[in-house]
Amino acid sequence: MKHPRAAERLVLLAAPLLGLTLACGGEVCVDRPNVVLISIDTLRPDHLGCYGYARPTSPNIDAIAAEGALFEQHISSAPWTLPAHAAMFTSVPDSVHGVVDAVKFRLSEEFETLPESFQSAGYSTAGFFAGPYLHPAFGLGQGFDRYVDCVETVPDGQVDADNEWSMRDPVLRASHHGVTNDKVYAEWQRFFGEASEGSEPFFAFVHLWDVHFDFTPPAPYDTLFDPDYEGPYTGRDFFYDPAINAAIPARDKEHIIALYDGEIAWTDEIVGRIRHDLGAAGLLEDTIFVITSDHGTELFDHGGKGHRTTLYDEQIHIPLIVHYPGVVQAARFGGQTRMIDLGPTLRDLAGLPAVSTTMGASLGPSLRGETSTAPDRPAVSELMSVGRNLRSLRTAEGKFVVNHDNGGSAWFDLAEDPGELQPRGLSGDGEGGGAALKRLYDEAAEEIISGLERAPAGAAAADVPASIQRSLAANGYAGGDGDE
Ligand SMILES: [Zn+2]
């Protein structure tokens with residue numbers, strides 16, 4: 001009985017007497033569920049059917065969401081890949097794990113990361129990644145028995161060394177056009193074929209990158225949502241081509257968004273395949289299946305494009321769906337949750353001990369229906385890279401943003417102004433609208449300071465290979481003028 005059905009999962013008090021070997025070891029054991037954590041890079045929840053999008057971008061994700069729990073207001077720690085995934089794995093804000101800027105930093109080995117917890121508990125652990133900032137040079141490979149690089153790289157010899165870090169070299173840009181979902185899925189299949197036959201449970205981190213720009217989905221997804229378009233835009237160089245901007249005709253913007261949606265539909269197909277694999281092996285009910293993202297992206301919402309530019313919701317609002325039949329009931333939670341809550345939640349659901357340095361809170365009691373109070377906590381997001389020095393405090397009702405370069409601040413009433421189009425200032429006496437948000441912001445800043453005192457380490461210095469630097473430059477991640 002390698003992986004009993006969730007409904008039959010029992011506390012096996014007699015296990016030591018019977019001589020059974022269970023994953024957890026000790027005298028009182030439960031069998032462990034598998035974990036499949038899917039991070040779909042750059043996925044905006046408002047472009048998924050299960051979050052209310054009218055276009056059918058996500059039939060497979062929607063089906064999983066319908067059977068599982070969906071968190072409507074899940075907020076990332078950052079609007080870009082590296083710090084957000086570092087927060088996903090450490091469950092502390094960016095300022096505490098310290099990996100806040102480009103190629104200078106790597107996550108310290110001193111943190112107990114989420115994969116390390118599962119590895120220590122006897123899990124077989126594997127990660128498959130397709131974005132350059134997931135490279136082990138940045139410290140995100142900690143705890144994986146197998147950590148597979150599926151990044152589309154620039155072939156050697158095609159890069160002018162003098163221009164290695166340029167974001168404008170067309171050769172470098174070309175590396176971003178690649179389709180990598182197939183590679184990631186092939187690696188997943190290779191791992192799953194072995195893990196599903198093994199004696200220990202598994203933890204799989206599946207990072208899917210194709211939704212990230214460029215928006216060049218394979219057929220039939222390239223024409224799925226806008227087959228009649230005859231204009232000049234293709235979705236290539238979405239971020240780097242200055243001719244693609246908020247001033248282009250609405251019809252062309254529609255087409256670019258249709259291509260972004262096509263990437264989502266293409267990635268949804270991969271999610272469906274992974275779910276099918278689990279089902280075909282009879283493991284769907286013994287697996288905690290999570291779908292989330294690291295950040296969103298701007299599609300001209302505030303006159304810009306891409307991400308790593310602002311802390312508006314289109315860049316920090318992310319999906320979170322948790323599917324675990326028999327334990328997690330079908331539900332939608334309207335209260336706000338945070339990137340840093342995911343790690344404590346997965347440890348809790350799998351019966352692993354909590355990690356004392358995490359600053360998130362388990363959503364397990366809500367997921368199991370043990371409490372009538374839905375989670376609703378203030379979320380901190382930060383952008384301290386590419387010339388920005390921003391931090392925000394968001395609640396389900398409002399957002400307070402501080403620019404630490406000049407001390408300026410603004411707040412938004414998300415109930416009245418969900419598009420964040422009307423920034424407001426604090427009143428002269430500091431007691432008008434926004435004052436409560438500012439108090440929460442100040443409390444969060446204090447928590448970050450105490451979190452830093454408890455943190456096992458700050459960020460370490462990155463040792464990034466030249467090939468990865470080239471790939472990062474191709475993706476607009478290295479140095480540059482702050483456009484991303
Ligand atoms: Zn990302």
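Start with residues 390-394, strand 13, and add residues 398-403, strand 14: five bridges join the two strands, which run antiparallel. The model you are viewing is predicted.

Stay on this pair. Select Arg391 and look across to strand 14: the residue opposite is Val402.

Now widen the selection to the whole sheet. Strands 13 and 14 belong to an open sheet of four strands, ordered 12-13-14-15, and the pairing is antiparallel. Strands of a sheet pair through backbone hydrogen bonds, in either a parallel or an antiparallel manner.

Which strands stand at the edges? Select 379-383 for strand 12 and 408-413 for strand 15. Each has a single partner strand, so one side of each lacks a neighbour in the sheet. Turn the view to follow the twist, which averages 15 degrees from one strand to the next.

Next, add residues 435-454. This is helix 12, and it lies across strands 12, 13, 14 and 15. Against strand 13, helix 12 runs at about 115 degrees.

Leave the sheet for a helix pair. Select residues 59-67, helix 2, and residues 250-280, helix 8. Their axes are 7 Å apart, and the packing angle is about 50 degrees. Angles from 35 up to 65 degrees fall outside the parallel and perpendicular classes, and helix 2 and helix 8 are therefore oblique to each other.

Show side chains at the contact. From helix 2, pick Pro59, Asn60, Ile61, Ile64 and Glu67. From helix 8, pick Asp268, Glu269, Val271, Gly272 and Arg275. Colour them by class: the contact of helix 2 with helix 8 has four nonpolar, two polar and four charged residues.

Terms used:
Residues are numbered from 1 along each chain as its sequence is written. This is a predicted model: local features need pLDDT of at least 70, side-chain atom pairs count only at pLDDT 80 or more; totals for chains, interfaces and linings use all residues. Side-chain values use heavy atoms; hydrogens and water are left out. Two strands pair if DSSP finds at least two bridges between them. Axes are lines fitted to C-alpha atoms, for helices over the stretch in contact, and angles run from 0 to 180 degrees between N-to-C directions. Contact means heavy atoms within 4.5 Å. Angles under 35 degrees count as roughly parallel, over 145 as roughly antiparallel, 65 to 115 as roughly perpendicular and the rest as oblique. Ala, Val, Leu, Ile, Met, Phe, Trp, Tyr, Cys and Pro count as nonpolar, Asp, Glu, Lys and Arg as charged, and the others, Gly among them, as polar.
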